[in-house]
Amino acid sequence: MKHLPLFFDLAGRRVVVVGQGPAADHRAELARSAGGAVFQLDTASAADLKGAAAVFVATGNLDSDTDARRAAKAAGVPVNVADRPGLSDFILPAIIDRGEVVVAVSTGGASPSLATLLRARIEGLLPERIGALARLAQTFRAQAKALIVDPARRRDFWRRLVDGPAARLVLAGDDAAARRAALAELNDARRALEPVGIAHIVGAGPGDPDLLTLRAAQLLQEADAILHDELVPQAILNRARREAELVAVGKRKGRVSWSQRDIEAEMIRRVRAGQTVVRLKGGDPFIFGRGAEEVDALRAAGLPVSVVPGITAALGAAAAVGIPLTDRRIASSVTFMSGHAAAQSGGGHTYVIYMGATEAASVRDRLLDAGTAPNTPVAIVENGTRPDQRVSVGRLADLARLALPHTARSDAGPSLIIVGEVAALAVTAGEPRLAKVS
Ligand SMILES: C[S@@+](CC[C@H](N)C(=O)[O-])C[C@H]1O[C@@H](n2cnc3c(N)ncnc32)[C@H](O)[C@@H]1O
């Protein structure tokens with residue numbers, strides 16, 4: 001290869017043509033069609049040429065051509081001299097111009113006639129509207145890049161676009177139909193490539209980071225984004241990958257919070273974008289955690305989802321204060337229920353009441369109505385398993401009073417109420433256990 005073909009951006013740049021006549025005019029016209037600011041002179045000095053992007057010389061006279069070339073060299077501007085490759089820094093190829101599509105043919109100056117013949121043959125092969133096809137492709141460049149992440153798939157899309165139905169339509173002159181076809185191609189490519197993100201609905205346990213499951217800890221290290229509840233303490237969030245985006249979606253009294261629907265939409269949006277999303281919930285996602293609704297939403301959207309169980313507050317808090325939720329001597333069953341649920345009576349039964357501390361009086365009344373004895377032991381465990389864990393132990397009749405210190409403070413943490421003989425076994429700092437109820 002004698003010359004390296006390069007395509008020079010002349011838009012808005014000064015181009016000087018030295019000479020008059022058809023060859024000079026042709027060059028002036030070409031430079032103009034590429035957007036150059038063309039100045040045509042009979043002769044030129046170095047001062048005339050300073051700062052130009054290129055100089056075309058076509059005086060038809062060897063001395064004048066040589067002078068002009070010298071001036072161009074002195075000005076440091078690349079020069080082309082018509083029909084004199086020896087005086088030229090660059091040569092002008094035979095050109096096929098179809099707008100965005102330009103084909104340049106060169107014989108390295110050896111045979112301009114051969115270059116012209118080749119150009120005619122190639123021209124015959126090139127559809128007249130090939131430039132319009134290039135323009136169509138141009139309008140999809142940014143979208144295809146953003147939506148089709150995998151380079152091999154993106155190449156497939158481009159191949160289909162320039163050689164498929166959209167291409168045929170644009171070459172036939174139907175630009176609107178071509179655009180619709182190209183959009184359909186893009187949608188197909190995107191659907192086929194739905195990024196393989198995933199949502200993991202992960203139980204964070206009751207708050208002590210050492211009570212995270214191994215899988216939860218691993219996923220915190222893999223996540224692109226962690227959508228976490230208010231219940232999840234900082235000590236656990238600190239275990240997340242440094243680059244993970246932390247999004248607090250928690251529901252907490254007195255604060256604007258995300259609706260369940262918005263949380264689900266956000267998970268879906270991120271998984272669709274290919275992210276590994278960890279939806280981090282206090283305790284276990286399926287114990288008063290609305291985990292099932294999130295699983296349903298992801299499945300309905302056709303997206304992959306997994307559930308990682310966590311230690312639910314009842315287990316964490318009970319263990320932390322030494323309450324065995326069952327004990328074959330005094331309790332043979334246990335019920336986890338929310339503060340809004342009605343209780344049922346039954347000897348030797350343990351109730352674990354979530355979200356009940358703020359409505360302790362009505363929890364008490366419902367348990368009493370259901371036949372639970374007023375002197376049944378109760379324990380309230382706030383911030384179970386966490387460094388700031390607090391426990392109060394008493395009798396069911398006193399539940400409302402016992403709950404007050406756990407709810408009245410502005411920095412009150414989450415609390416569980418445990419009702420039943422076993423509650424008397426709670427280990428409280430410096431306090432004796434309750435006397436066994438006979
Ligand atoms: C919406 S429920 C979520 C329960 C969670 N999915 C679980 O499995 O533990 C929130 C309630 O859990 C209880 N809770 C959560 N963490 C607790 C903790 N560390 N100590 C005591 N109670 C806790 C409180 O009753 C709180 O109001």
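Student: Which residue stands opposite R98 in β6?

Tutor: The partner of R98 is V101 in β6. Two strands are said to pair if DSSP finds at least two bridges between them. Here β5 (residues 94-98) and β6 (residues 101-105) pair in the antiparallel sense over five bridges. The hairpin that they form has two residues between the strands, and G99 takes a positive phi near 75°.

Student: On what basis are these features reported?

Tutor: This is a predicted model, in which local features need pLDDT of at least 70 and side-chain atom pairs count only at pLDDT 80 or more, while totals for chains, interfaces and linings use all residues. Residues are numbered from 1 along each chain as its sequence is written, and side-chain values use heavy atoms, with hydrogens and water left out.

Student: How many helices and strands are there in the protein?

Tutor: Elements are DSSP runs numbered from the N terminus, namely helices (H or I, at least four residues) and strands (E, at least two). The protein has 15 helices and 16 strands. The globule rule is 2.2 Å times the number of residues to the power 0.38, and the radius of gyration is taken over C-alpha atoms. At 39 Å, the radius of gyration of the protein is well over the 22 Å that the rule gives for 438 residues, so the protein is more spread out than a compact globule. Along the principal axes, the C-alpha trace of the protein spans about 125 × 45 × 35 Å.

Student: In what order do the four strands of the parallel sheet stand?

Tutor: The order of this open sheet is β2-β1-β3-β4, with parallel pairing. Its edge strands, β2 (37-41) and β4 (79-81), each pair on one side only. Within the sheet, β1 (residues 14-18) and β3 (residues 54-57) run parallel and are joined by four bridges; V17 stands opposite F56 in β3.

Student: Which strands do helices α1 and α3 lie across?

Tutor: Contact means heavy atoms within 4.5 Å, and angles run from 0 to 180 degrees between N-to-C directions of axes fitted to C-alpha atoms, for helices over the stretch in contact. Helix α1 (residues 22-33) lies across β1, β2, β3 and β4 and runs at about 165° to β2. Helix α3 (residues 62-75) lies across β1, β3 and β4, at about 170° to β4.

Student: Which strands stand at the edges of the five-strand sheet?

Tutor: That open sheet has the order β12-β13-β16-β14-β15 and mixed pairing. β12 (333-338) and β15 (390-395) stand at the edges with a single partner strand each, so one side of each has no neighbour in the sheet. Neighbouring strands of this sheet are turned by 15° against each other on average, direction ignored. Packed on the sheet is helix α15 (residues 399-407), which touches β14 (377-382), β15 and β16 and makes about 170° with the direction of β15. Four bridges join the antiparallel strands β13 (residues 349-354) and β16 (residues 415-419), and Y351 stands opposite V419 in β16.

Student: At what angle do the axes of α11 and α12 cross?

Tutor: The axes of α11 (residues 260-272) and α12 (residues 291-300) cross at roughly 45° and come within 10 Å. Angles under 35 degrees count as roughly parallel, over 145 as roughly antiparallel, 65 to 115 as roughly perpendicular and the rest as oblique. The two helices α11 and α12 are therefore oblique to each other. On the α11 side, Q260, I263, E264, M267, I268 and V271 meet E293, E294, A297 and L298 in α12.
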